[in-house]
Amino acid sequence: MSIKKILPVLVLGTALFSCKEGSKIKDTAKLEAAAPKLELIAEVQGLAHCESVVFDADRNVLYVSVQGEKEPNDGSIAKVSLEGQILEANFVQGLNDPKGIALYKDKLYVSDITELVEADLNTGKILQKYPGKDAEFLNDVAVDNEGNVYVSDMATSSIYKLDANGKFESCITSDDLEDPNGLLIDGNTLYIAAWGKRSADNANSNPKGRLLKLDIPSKKITPITVEPVGNLDGLQTYNDSTFLVSDWSTGSLYKISKDGTVTPFFSAERSVGDILYLPSKQLLGLPMNTQNKMLLYRVKDN
Ligand SMILES: [Ca+2]
Ligand SMILES: [Ca+2]
């Protein structure tokens, strides 16, 4: 997509944000100057209702969660090259609706509705399935340096943890998690891209979520953005001070700094999911759920 096509969206984004007191956003002139150039590298077709993409540095490949349709066991993890070639469509097979993926040593962890699945990265074989106690709609997965696995549950507004004994249950449940979706871990801090708390008595309510942080030892939840931003899904590191976050419902990607400044970054289409950004390669991966494809871009900062 050309810069010309992106600019109107940036201007609109500025207008929307600037009327909200408390939100910090750069002015339009600076936005235009700061707009990145995105060069489309590949359009990877045939990934039915894909949700998430991660990078395996040891093997220099991408893994994409492919939910398939609503048939039992029609979900998989596809192995894809950095150039966008599908190397193995069913690297891990027999899943239902797999979503968030995280890697730790030679294992891949993927959430699958109400359970966490552990697979062998060398063979693709499923090693273990951990049913989540009272889990309803598990989403993203993050692993810390010690191998502790955390999973968001949007439906119960919880963060689940897999402990060393294989017990998989909620370690915190709170409305203040705003129906958590995307996760990113840094030491004892779990960053959370929230979908927005849906009220039980109004299924048609259209909430938006904030970028949050959870101090894992104290379980203290702190909003990073003052205002809700969108139905946040993907959450990646952009640089030392900034995240890259996707809004599923509008297709907008935002840069959000650790002090809460929100800057429009790119306008993709609705249903952009759990994105990947590799700063070292300036590679951006966008799983497009309803379009059944993944887009790969090279990002060129001005
Ligand atoms: Ca499925
Ligand atoms: Ca997600």
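Guide: A residue counts as buried if 20 or more other C-beta atoms lie within 10 Å of its own, exposed if 12 or fewer, and partly exposed in between, with C-beta atoms placed from the backbone. This is a predicted model: local features need pLDDT of at least 70, side-chain atom pairs count only at pLDDT 80 or more, and totals for chains, interfaces and linings use all residues. Residues are numbered from 1 along each chain as its sequence is written, while chains are lettered from A and ligands numbered from 1 in the order in which they are written.

Visitor: What percentage of the protein's residues is buried?
Guide: The count runs over 302 residues. The buried share of them is 42%.

Visitor: How many strands does the protein have?
Guide: Helices (H or I, at least four residues) and strands (E, at least two) are DSSP runs, numbered from the N terminus. The helices come to two. The number of strands is 24.

Visitor: What share of the contacts joins residues at least 24 apart in sequence?
Guide: Two residues are in contact if their C-beta atoms, placed from the backbone, lie within 7 Å. The contacts considered are those between residues at least 6 apart in sequence. Of these, the share joining residues at least 24 apart is 44%.

Visitor: Which strand gives the most residues to the largest nonpolar core?
Guide: A nonpolar core is a set of buried Ala, Val, Leu, Ile, Met, Phe, Trp, Tyr and Cys residues joined through C-beta atoms within 7 Å. The largest has 77 residues, and Val-64, Leu-211 and Met-294 have the most contacts inside it. With five residues, the top contributor is the strand at 189-194, S15.

Visitor: Which residues does Leu-211 contact beyond four places in sequence?
Guide: Leu-211 is among the residues with the most contacts inside the largest core. Leu-211 also lies in the span of strand S16 (211-215). Its partners beyond four places are Tyr-191, Ala-193, Ile-224, Thr-225, Val-229, Leu-232, Phe-243, Val-245 and Ile-256.

Visitor: Which strands stand at the edges of the sheet S2-S3-S4-S5?
Guide: Two strands pair if DSSP finds at least two bridges between them. These four form an open sheet with antiparallel pairing. Each edge strand pairs on one side only; the edges are S2 (50-56) and S5 (86-95).

Visitor: By how many degrees are neighbouring strands of this sheet turned against each other on average?
Guide: Axes are lines fitted to C-alpha atoms, for helices over the stretch in contact, and angles run from 0 to 180 degrees between N-to-C directions. Here direction is ignored, and the average is 20 degrees.

Visitor: What is the bridge partner of Ile-77 in S5?
Guide: Strand S4 (residues 75-80) runs antiparallel to S5, joined by five bridges. In S5, Ile-77 is matched with Val-92.

Visitor: Which residues does Ala-119 touch, not counting those up to four places away?
Guide: Ala-119 sits in strand S8 (residues 115-120). Ala-119 is buried because 24 C-beta neighbours fall inside 10 Å. The residues it touches are Val-92, Lys-107, Leu-108, Gly-124, Lys-125, Ile-126 and Leu-127.

Visitor: Which strands lack a neighbour on one side in the sheet S10-S11-S12-S13?
Guide: This open sheet has four antiparallel strands. An edge strand has a single partner, so one side is left without a neighbour in the sheet; these are S10 (138-143) and S13.

Visitor: Is Asp-179 buried or exposed?
Guide: Asp-179 lies in the loop between S13 (168-173) and S14 (180-186). Though not a glycine, Asp-179 has a positive phi of about 55 degrees. Since 24 other C-beta atoms lie within 10 Å, Asp-179 is buried.

Visitor: Is Lys-219 buried or exposed?
Guide: The loop between S16 and S17 (220-223) holds Lys-219. Lys-219 is another non-glycine with a positive phi, about 60 degrees. With 11 other C-beta atoms within 10 Å, Lys-219 is exposed.

Visitor: Which residue stands opposite Leu-235 in S19?
Guide: Strand S18 (residues 232-239) has six of its eight residues buried, so the rest of the structure largely encloses it. A two-residue hairpin joins S18 to S19. The two strands pair antiparallel over five bridges. Opposite Leu-235 stands Val-245.

Visitor: Which residue takes a positive phi in the hairpin of S20 and S21?
Guide: S20 (residues 252-257) and S21 pair in the antiparallel sense over five bridges. Tyr-254 has Pro-264 as its bridge partner in S21. The hairpin has four residues between the strands, and the positive phi, near 95 degrees, belongs to Gly-260.
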